[in-house]
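Here's a quick tour of the model, written for someone who likes to poke at coordinates. Have the viewer open and follow along.

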Amino acid sequence: METNANHFSNSDITITYEPSVCINAGRCAKELSDVFRNSVIPWIDLDGAPSERIIDQVRKCPSGALKVFLNQKVA
């Protein structure tokens, strides 16, 4: 898994996190704690769940601090 500041990627998706936008609702960690971990660095582990579940969870972020982007497939 590649980590660059607040960008987290696997082969399918890239998640970005903007801490200044986050309202600390905790919904991500409560609902998908194998990916969004409170006490571990890096706090986002994209190997913790299938990409589809991560995408669904990111879309529930109430503040928009988390965003998901589909990675382009290279032939």
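## Serine 20 and its loop

Serine 20 sits in the loop that runs between S3 and H1. Keep in mind throughout that this is a predicted model. With 75% relative accessibility, serine 20 is exposed, because anything over 50% gets that label. Along the sequence, serine 20 and alanine 65 are 45 residues apart, yet their C-alpha atoms are 7.8 Å apart in space.

Asparagine 24 is found in that loop between S3 and H1 too. Its relative accessibility is 64%, so asparagine 24 also counts as exposed. Check its backbone as well: asparagine 24 has a positive phi of about 55 degrees, although it is not a glycine.

## Threonine 14 and asparagine 71

Threonine 14 belongs to strand S3, which spans residues 13-17. Is threonine 14 buried or exposed? Its relative accessible area is 14%, and the cut-off for buried is under 20%, so threonine 14 is buried. Skipping neighbours within four places in sequence, threonine 14 is in contact with Phe8, Ser9, Lys67, Val68, Phe69 and Asn71. With asparagine 71 there is also a polar contact, side chain to side chain, at 2.8 Å.

Now look from the other end of that pair. Asparagine 71 lies in the segment after strand S4 (66-70), and it counts as partly exposed because its relative accessibility is 23%. Besides the 2.8 Å polar contact with the side chain of threonine 14, the side chain of asparagine 71 reaches the backbone oxygen of isoleucine 13 at 3.2 Å. Leaving out residues within four places in sequence, asparagine 71 is in contact with Asn10, Ser11, Asp12, Ile13 and Thr14. For glycine 26, by contrast, the separation from asparagine 71 is 26 Å between C-alpha atoms, with their positions 45 residues apart along the chain.

## Serine 51 in helix H2

Which helix holds serine 51? Serine 51 lies in helix H2, and that helix covers 51-58. At 7% relative accessibility, under the 20% cut-off, serine 51 counts as buried.

The side chain of serine 51 makes a polar contact with the side chain of aspartate 12 at 3.1 Å. Not counting residues up to four places away in sequence, serine 51 touches Asn10, Asp12 and Ile13.

## A cis proline

Proline 42 is located in the loop between H1 and helix H2. If you scan the omega angles, stop here: the peptide bond from isoleucine 41 to proline 42 is cis, with omega near -5 degrees.

## The largest pocket

How much space lies in the largest pocket? About 300 Å³. Its lining counts 19 residues, and those nearest the centre are Cys22, Asn24, Gly26, Cys28 and Trp43. So the exposed loop residue asparagine 24 turns up again here, among the residues nearest the pocket centre.

Sorted by class, the lining has 11 nonpolar, 5 polar and 3 charged residues. Helix H1 (residues 27-31) supplies the largest share of that lining, with 3 residues.

## The annotated span

What does the database record say? An unreviewed UniProt entry carries the annotation "domain: Divergent 4Fe-4S mono-cluster" over residues 9-69. In the model, the end C-alpha atoms of residues 9-69 lie 9 Å apart. The span is 21% helix and 16% strand.

Technical notes
Residues numbered from 1 in each chain as written. Predicted model: local features only at pLDDT ≥ 70, side-chain atom pairs only at ≥ 80, totals over all residues. Heavy atoms only, no water. Helix = DSSP H or I, 4+ residues; strand = E, 2+ residues; numbered from the N terminus. Buried < 20%, exposed > 50% of the residue type's maximum accessible area, 1.4 Å probe, protein only. Polar contact = N/O pair within 3.5 Å; in protein donor to acceptor, adjacent residues only side chain to side chain. Contact = heavy atoms within 4.5 Å. 1 Å grid on protein atoms, 1.4 Å probe; cavity = no way out; pocket = protein on both sides within 12 Å on 5 of 7 lines; lining within 4 Å. Points joined across faces, edges and corners; volume = space filled by probe spheres on them. Nonpolar A, V, L, I, M, F, W, Y, C, P; charged D, E, K, R; others polar. UniProt positions renumbered as here; feature names shortened; annotations may be inferred.
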